[in-house]
Amino acid sequence: MRFLGRRLLFYLLAFFVAVTLNFALPRLMPGSPLDGLILRYGDAIRSNPQVLEQLKASLGSSDESTLAAYWHYLANTFTGDLGTSTSNQVPVTEVVRNTLPWSIFLVGVAFLISFVVGTFLGMVAAWRRGGFVDRVGTPALMALLSFPAFFLSLLAVYVLGFRLGWFPTQHAYSTETVPAWSWAFVGDAFRHAQLPLLVIVALTVGGWMLGMRNVMITTVQEDYVTMAQAKGLTDRRVMTSYAARNAILPPLTAFASLFASAVGGLILVEVVFSYPGVGLTLQQAALGHDYPVVQALLLVIAFCVLLANFLIDCVYVFLDPRVRAS
């Protein structure tokens, strides 16, 4: 509990720093972001004084001092008031609420599949070096890892979507489907997510396999693995309970940071499939100079990174006795 308490305080401090940087970035830019928005959407902004005042407060163009604006920004952020989107005049929290679940679902399922498959293949490849998995699987998955995300997405759309017709190629669900908590909608949404999931798994499984293989090769040479083999334990038990349990710790740490950053980092995949996640929304907001949405999504991504790392720290407590003793 002491270890988790220290980590929790560290992540709270890191989140506070992220909020502060999110406040400072628009104010460090040359000129004023509000000037560009007024040039682009002048009539729409001037006709709504409330939106204009919110933009002034969030983008650093109000008459109040920087310190007062900072405390006002902190109060709004921690009470859930992230401002109003300049693109469609809706609260930013509504934009985040409509896009974040799609990215968490897509990235969460894809990363979980690729992590489990990749670490298992890496474990087997290292335990039986020179075997079929090591000779064939490692170079094949490394070749997939070298493909750019945009190219592999377009290739999957053309071959598996247009030519073979196995998967839908656009959007998160069919246009005739009404979003609701029903089996029809869930099934339709899952079918539309299958091709993006396949692309993300293909892009990431090789990295997990190579990382686990490299760590596992070093781990199997440790004395406690040799002792377990000398005691007559089966190869499967030594591989899973002794070698893999210790070798999986570094990949778990990477999983936390990569999963959280991929929530907003798979922009090209979401753009190709027109998938309404954080990546696509962030790209559209940046192109449309929608600074409140950009700020909110960057803050959400930072929060996801910190939360994922804290959850992995909690898992470490159960997997590594050295952490419990610290």
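In this predicted model, the buried residues of helix α7 pack against α8 and α12. Those buried positions are L152, S153, A156, V157, L160 and G161. The helix itself comprises 15 residues and spans 20 Å between its first and last C-alpha atoms, close to the 21 Å expected at 1.5 Å a residue. After α7 comes G165, with a positive phi near 70°.

The three helices just named also meet in the largest nonpolar core. This core contains 34 residues, and I200, F273 and Y275 have the most contacts inside it. Two or more of its residues come from each of α5 (92-127), α7 (149-163), α8 (183-219) and α12 (267-273). The largest share, 13 residues, is supplied by α8. The surroundings of I200 can be followed residue by residue: once neighbours within four places in sequence are set aside, I200 is in contact with L106, A110, F111, L266 and V269. Separate from this assembly is a second core of 14 residues, which includes V95, V96, L100 and A285.

Helix α8 also holds a charged side chain that merits attention, R213. Is R213 buried or exposed? Its relative accessible area is 15%, which lies under the 20% limit, and R213 therefore counts as buried. Beyond the neighbours within four places in sequence, the contacts of R213 are with G122, A125, A126, R129, D134 and T138.

From packed regions, the description turns to open space. Rolling a probe the size of a water molecule over the atoms shows where empty space is left. The largest pocket encloses about 500 Å³ of space. Its lining consists of 15 residues, and those nearest the centre of the pocket are P101, W102, Y173, F185 and A189. Which elements give two or more residues to this lining? They are α5 and α8, and α5 gives the most, with 6 residues. Sorted by class, the lining has 12 nonpolar residues, 2 polar residues and 1 charged residue.

Taken as a whole, α8 recurs throughout this account. This helix gives the largest share of the largest nonpolar core, carries R213, belongs to the packing partners of the buried residues of α7, and is one of the elements that line the largest pocket with two or more residues. Helix α5 likewise appears in two settings, giving two or more residues to the largest core and the most residues to the lining of the largest pocket.

Terms used:
Residues are numbered from 1 along each chain as its sequence is written. This is a predicted model: local features need pLDDT of at least 70, side-chain atom pairs count only at pLDDT 80 or more; totals for chains, interfaces and linings use all residues. Side-chain values use heavy atoms; hydrogens and water are left out. A nonpolar core is a set of buried Ala, Val, Leu, Ile, Met, Phe, Trp, Tyr and Cys residues joined through side-chain atoms within 4.5 Å. Buried means under 20% relative accessible area, exposed over 50%, partly exposed in between (1.4 Å probe, protein chains only). Helices (H or I, at least four residues) and strands (E, at least two) are DSSP runs, numbered from the N terminus. Contact means heavy atoms within 4.5 Å. On a 1 Å grid over the protein atoms alone, a cavity is a set of points where a 1.4 Å probe fits but cannot get out, and a pocket is an open set with protein on both sides within 12 Å along at least five of seven lines; lining residues have an atom within 4 Å of a point. Grid points are joined across faces, edges and corners, and a volume is the space filled by probe spheres set on the points. Ala, Val, Leu, Ile, Met, Phe, Trp, Tyr, Cys and Pro count as nonpolar, Asp, Glu, Lys and Arg as charged, and the others, Gly among them, as polar. The expected span of a helix is 1.5 Å times one less than its number of residues.
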